[in-house]
Amino acid sequence: VLVTIYADYIAPLFDKFIPLPEGELKQQIETMAKNIDFPLTKVYVVEGSKRSSHSNAYFYGFFKNKRIVLFDTLLEDYSVLNKERAGGEDGENEDMKSKTKNKKQGCKNEEVLAVLGHELGHWKLGHTVKNIIISQMNSFLCFFLFAVLIGQKELFAAFGFYDTQPTLIGLMIIFQFIFSPYNEVLSFCLTVLSRRFEFQADAFAKELGKAKDLYSALIKLNKDNLGFPVSDWIFSMWHYSHPPLLERLQALKDAKQE
């Protein structure tokens, strides 16, 4: 409910959301959504370029009321940066024009569809529901253990509270110190699961025949988002919720070549 309220009423206070105009891209998005039974109701473009050059796409909504949001920086035709460059080309020579054209921000329609195929793969494979279930189970476990530990006098005595057991102090002790090792292990497990979900979503887009376009889109997004393609495998395994670019490209490589 809060996610829906945020997207409909809070987010528009800070960013401008406009419906994606009728055209080839919208038709292709609606067709792809229909083919995988995604209950799409609206497609929006948000002016993400006002804040940064970061490119993204996401969907939200419950049950039969799903909506897709595309950042303007994701779309080659809507990117403010591309329009600014185009406006400044009048006095440039042909070589400069060619370089500017090759450095356009955002993705072509086919690449946008590939990115959406990845995002819709998360929905089709139930990743969102699984994450919600895991989150609720973790919350239940944490508060259950809190209820068990809050009555332990030895716990308070270890921190110098011999005669009193303040609830706020107990909350700090349990969640900040007792749960610290558990949270580290949980964080690592969720990171591993998230990376697995990302590979599965890429594979879903591959099954839709979008491997080649997703391959090129990932490279463009990595450049637009100022990502660094090379990562130490141990560091990335522990910290990165998304697989490094080269690992994702390698997984898509065979299908792309086909």
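Leaving aside neighbours within four places in sequence, S236 is in contact with R195, S231 and P244, where contact means heavy atoms within 4.5 Å. S236 sits in helix α11 (residues 233-239); helices (H or I, at least four residues) and strands (E, at least two) are DSSP runs, numbered from the N terminus. With a relative accessibility of 0%, S236 counts as buried. Buried means under 20% relative accessible area, exposed over 50%, and partly exposed in between (1.4 Å probe, protein chains only).

Before going further, a word on what you are looking at. This is a predicted model, in which local features need pLDDT of at least 70 and side-chain atom pairs count only at pLDDT 80 or more, while totals for chains, interfaces and linings use all residues. Residues are numbered from 1 along each chain as its sequence is written, and side-chain values use heavy atoms, with hydrogens and water left out.

One of the contacts of S236, R195, leads us to the charged pairs. Side chains of opposite charge can pair when their charged atoms come close. Here a salt bridge is a side-chain nitrogen of Lys or Arg within 4 Å of a carboxyl oxygen of Asp or Glu, and by this rule the count comes to four. In one of them R195 partners E247, with the closest N and O atoms 3.5 Å apart. This pair links distant parts of the chain: R195 belongs to helix α9 (residues 180-207) and E247 to helix α12 (residues 245-257), 52 residues apart. R195 is buried, its relative accessible area being 11%, whereas E247 is partly exposed at 31% relative accessibility.

Helices α9 and α12 meet again through R248 and D202, whose salt bridge has its closest N and O atoms 2.9 Å apart. R248 lies in helix α12 and D202 in helix α9, so this pair ties together parts that are 46 residues apart in sequence. Both R248 and D202 are buried.

A further salt bridge joins the side chains of E111 and K220 (2.9 Å, N to O). It too links distant parts of the chain, with E111 in helix α5 and K220 in helix α10 (residues 211-224), 109 residues apart. E111 counts as buried at 7% relative accessibility, while K220, with a relative accessible area of 23%, is partly exposed.

Now for the sheet. Four strands form an open sheet in the order β1-β2-β4-β3, with mixed pairing; two strands pair if DSSP finds at least two bridges between them. At the edges are β1 (17-19) and β3 (57-60), each pairing on one side only. From one strand to the next, the twist averages 30°. Strands β1 and β2 run antiparallel and are joined by three bridges, with I18 standing opposite V45 in β2. On the parallel side of the story, β2 (residues 40-46) and β4 (residues 66-71) pair over six bridges. V45 stands opposite L70 in β4, and V46 stands opposite F71 in β4. Helix α5 (residues 109-124) packs on the sheet and touches β3 and β4, its direction making about 40° with that of β3. For such angles, axes are lines fitted to C-alpha atoms, for helices over the stretch in contact, and angles run from 0 to 180 degrees between N-to-C directions. Helix α5 is also the home of E111, the partner of K220.

Let us turn to the start of the chain and its surface. V1, L2, I5, Y6, Y9, I10, L13 and F14 make a nonpolar surface patch of about 940 Å². Patches are made of residues with over 30% relative accessible area and no salt bridge; like charges are joined within 9 Å, and nonpolar side chains (Val, Leu, Ile, Met, Phe, Trp, Tyr) within 5 Å. Within this patch, Y6 lies in helix α1 (residues 2-10) and counts as partly exposed, at 46% relative accessibility.

Finally, the view of the whole chain. It has 12 helices and four strands, and 34% of its 258 residues count as buried. Among contacts between residues at least 6 apart in sequence, 73% join residues at least 24 apart. The accessible surface of the chain comes to about 16100 Å², of which 60% belongs to carbon and sulfur atoms. Accessible areas come from the Shrake-Rupley method with a 1.4 Å probe, and for residues only the protein chains shown count as cover.
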